[in-house]
Amino acid sequence: MLTRLSPLSELATRLRTAGFPLASEWRAVDGWFRPWAAQSGLRDELRAQLRTLTAAQATKVLRSSRETTTHFAWCLLDSPSDPFSFWLHEYKAQEDWRAGYADSVHNHRYHFCTTILRGDYLHERYETTIDAGTGLIASARLRRRTRCAAGACATMLADEFHRIPEAAAGTMTFLVKSRPVSSFSLSFDPACGIGHRHVPVEVRLGELADRI
């Protein structure tokens, strides 16, 4: 998809030529990402690239993208040889949200940097207590709550926990993600106090035959 000089191809080139493992030095990626995201024309660039997708490119985007309970996660670039991937998150109207994804207290299997392209959302960061027996989140304490508007940037490491309880209709974000640094992630429902562990299907495949 990245076939010409553009803000996206510039970022991809810098990440590919970093000279160190991105996942182990993600704060350095944050240092590159913030000034990159502040440049003008990023929305126009994304819009132009999506409008000029070939049929084969559109099929690739659709094959790698997915719907969650709170937003559509569009995969713009995900090459197995790259130590990163590019995503566009399109948040649903609040009345269409179902509980269990962005609105839970959760972490991720990967590190990521993100910027809001349009709209806004409420972003909460948490400290969590992990139960030594179950390995699940036993409790969560709110550290900071911020209303983030278009242009805002944030970085989350895989061991950090956050929550997006609400987003304005039409909110769109761009993300660059590292490769997974953990085989699972955790979430916690603050309303009922129940924690969950999330293991992706690709991790479970090796044990599938033994479970039949």
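**Exercise 1. Find the ring that Lys 92 covers, and the ring under Lys 177.**

Solution. Lys 92 lies over the face of Phe 72, at 5.3 Å from the ring centre. A charge sits over a ring if NZ of Lys or CZ of Arg is within 6 Å of the ring centre and within 35 degrees of the ring normal. Next, take Lys 177. Its charged end sits over the ring of Trp 87, 4.1 Å from the centre.

The model is predicted: local features need pLDDT of at least 70, side-chain atom pairs count only at pLDDT 80 or more, and totals for chains, interfaces and linings use all residues. Residues are numbered from 1 along each chain as its sequence is written, and side-chain values use heavy atoms, with hydrogens and water left out.

**Exercise 2. Lay out the sheet and name its edges.**

Solution. Start with the order: six strands form an open sheet, 1-2-3-10-5-8, with antiparallel pairing. Strands (E, at least two residues) and helices (H or I, at least four) are DSSP runs, numbered from the N terminus. Two strands pair if DSSP finds at least two bridges between them.

Now the edges. Strand 1 (66-67) and strand 8 (153-156) each have a single partner strand, so one side of each lacks a neighbour in the sheet.

Then place the helix. Helix 3 (residues 42-51) packs on the sheet and touches strand 2, strand 3 (84-91), strand 5 (112-118) and strand 10 (172-178). Its direction makes about 90° with that of strand 5. Axes are lines fitted to C-alpha atoms, for helices over the stretch in contact; angles run from 0 to 180 degrees between N-to-C directions.

Last, zoom in on strands 1 and 2 (residues 71-77): two bridges join them. Arg 66 stands opposite Ala 73 in strand 2.

**Exercise 3. Classify two aromatic pairs.**

Solution. Rings of Phe, Tyr and Trp (its six-membered ring) pair if their centres lie within 6.5 Å; planes under 30 degrees apart are stacked, over 60 edge-to-face, the rest tilted. The structure holds 10 such pairs.

Phe 33 and Phe 174 are 6.5 Å apart, centre to centre, with 5° between the planes: stacked. Phe 33 is in helix 2 (residues 26-37) and Phe 174 in strand 10, 141 residues apart. Both are buried (under 20% relative accessible area; exposed is over 50%, partly exposed in between; 1.4 Å probe, protein chains only).

Tyr 91 and Trp 97 have ring centres 6.3 Å apart and planes at 35°, so this pair is tilted. Tyr 91 is buried at 7%, and Trp 97 is buried at 12%.

**Exercise 4. Describe the setting of Pro 165.**

Solution. Pro 165 is in strand 9 (residues 161-167). At 18% relative accessibility, Pro 165 counts as buried. Leaving aside neighbours within four places in sequence, its contacts (heavy atoms within 4.5 Å) include Trp 97 and Leu 122.
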